[in-house]
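Visitor: Please take a close look at one part of this model, the helices and the loop residues that go with them. I would like the cut-offs stated along the way.

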Amino acid sequence: MRGSVKKDPARGTWMYVVDLPPGPDNQRRQKLKRGFSTRRAAEEALAEVIGRVNRGIHADAGRRRLSEYLEEWLEGLAVSRENSTVENYGNVLRSWVIPRIGGLRLSAVEPGHLRKLYAELLKEGGRGGRPLSARSVSLAHRVLHRALEDAVSDGLLPRNPAASVKRPAVSSSAAGAVWSAEDARRFLAAVTGERLEALWRLELNTGLRRAEAAGLRWSDVDFSAGVIQVRVQRTTEGYKVVEREPKTAAGRRRVPVDPGAMAALRAWRTRQKEERLAFGPAYQDTDLVFTREDGSGWHPQSLRHALTWACKRAGVPVLRYHDLRHTAATLALEAGVHPKVVQERLGHASVQITLDTYSHVQESVAKDAADRIARYLGGDG
C-alpha cells in the first residue's frame, strides 16, 4: 500500500495522499486529507490510515459495528485535533449516539435510523429521560455526519447516510439566552464591590470567551490605551487546566475596553496587590488578572458557578457563561455598533459568522433603521 506526504501549496499546511484497496469494479481509489500543521502530524495520520487498512478494516467494513468504527475514528482524530475537541466529540457520541444505535453494523446504518435517533433524543435524550435540546441534537448530527463522511473517504461506506438527514432546527435565538439592557444594568449594580465585579463588567463590554477571560494577564492590559490583548486561552481537558493560544488569527486580537470596565480593572488590581501582601510568601505570582486569594488562577468551570450565584443574588435570569458573550454582542448590535466591529471584538473568523449567529438581532436593528429612515424622509428626523 502506497502513500505520500507533501506541502499543500494552496494553504501552506501539510497533506497526505494514500492509495486505498480497489473498489468493486477494480477502479483505483485514493484518500486525500489536508490541513495538518506539521509534516510529522501528516505522517502520523498517514501511518494510522495505512495501519487500519493493513489490519483489514476496509475488508471487514460490512461486519463492523458502528460503535467500533466511532471509537477508532475518535482515536485517529486525536492525531490532528486538540484533546479538548476529541473529548467533546467523544462525549457527544458516547452519551447520545453509541448507546442507542452503536450496535448497528456500520454498513447497515440508514437515514431512517438517524431520523429515529434524533426524534428519541429530542423526546428523552437528556438526563433522567428529559428532552434534549435541539441545539444538542444538532451537535450530535454534526459530529456523526463528520465521522460517517470520513468513513466514505476511507472506502468503508459508499455514501454518507447522514447527508440526506436534516438536523433539528434550532430556534432563531441561536445565540442562546441573553439579558435585556435592563437586566444587564441590574446585574452590574448588584455586583458592584464584589470580588469579580471587574470580570463581569469586562465580559458585558467585550464578550470575551470564558477561556480568554480566565487566561488574561496584566501584561495584556494597556491602561493608557484602554485596550486588552487576547493572546492566551485558559481552558480545560477533562478537569485539567491547560493554556494554549487562540485557535485562529482572529482570536488573537486587541479589544478596546470602555472606561467603566477599565476603572473596575484598576480597582481590582489595587485590591489584588493588597491580597498579595496579606497572603505573604505563599502567594502565587501568576500575572493572571482574575485570581483567587492566593494568586492562583480560577478554574474555568468555577467561573461558571460564580456567575450562577451572582445572577441569583442580583435577581436576574441565570445565564450560562457563554451567554454573557451573546449578551454583549446582542446589546452592541442593538446599540447600533456595526457588525464588522462586533465581529472583531468577539474574535469571529468572519463577519458572516456574526451575521448568521445574530440574524434575529439584525432583523430588529434593520426595522429600527427603516423607521428612522422613514422619519427622516418625512421631516421628523
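Guide: What follows goes through a helix pair, then two single helices, then a loop residue. The model is predicted, so local features need pLDDT of at least 70 and side-chain atom pairs count only at pLDDT 80 or more, while totals for chains, interfaces and linings use all residues. Residues are numbered from 1 along each chain as its sequence is written, and side-chain values use heavy atoms, with hydrogens and water left out.

Helices here are DSSP runs (H or I, at least four residues), numbered from the N terminus. The axes of α4 (residues 111-124) and α5 (residues 134-153) come within 9 Å and cross at roughly 150°. Axes are lines fitted to C-alpha atoms over the stretch in contact, and angles run from 0 to 180 degrees between N-to-C directions. The two helices, α4 and α5, are therefore roughly antiparallel, a label given to angles over 145 degrees. Their crossing is right-handed, that is, the near helix is turned clockwise from the far one by less than a right angle. On the α4 side the contact (heavy atoms within 4.5 Å) is made by L114, L117, Y118, L121 and L122; α5 supplies A134, V137, H141, L144 and L148. By class, that is nine nonpolar, one polar and no charged residues; Ala, Val, Leu, Ile, Met, Phe, Trp, Tyr, Cys and Pro count as nonpolar, Asp, Glu, Lys and Arg as charged, and the others, Gly among them, as polar.

In α6 (residues 181-191), D183, A184, F187, L188 and V191 are buried, meaning under 20% relative accessible area, with exposed being over 50% and partly exposed in between (1.4 Å probe, protein chains only). These buried residues lie on the same side of α6 because they cover an arc of only 130° around the axis, the arc being that of the directions from the helix axis to the C-beta atoms. An α-helix has 3.6 residues a turn, so residues three or four places apart point the same way. R185 and A189 are exposed on the other side of α6. The cover over its buried residues includes α7 (197-206), α10 (300-314) and α11 (321-334). Just after α6, G193 has a positive phi of about 90°.

Helix α12 (residues 339-346) buries P339, V342, Q343, R345 and L346. Their arc is only 165°, which puts them on the same side of α12. G347 follows α12 with a positive phi near 80°.

D287 sits in the loop between α9 (259-279) and α10. Its phi is positive, near 70°, in a residue other than glycine. Most residues other than glycine have a negative phi. D287 counts as partly exposed because its relative accessibility is 29%.

Note on methods
Angles under 35 degrees count as roughly parallel, over 145 as roughly antiparallel, 65 to 115 as roughly perpendicular and the rest as oblique.
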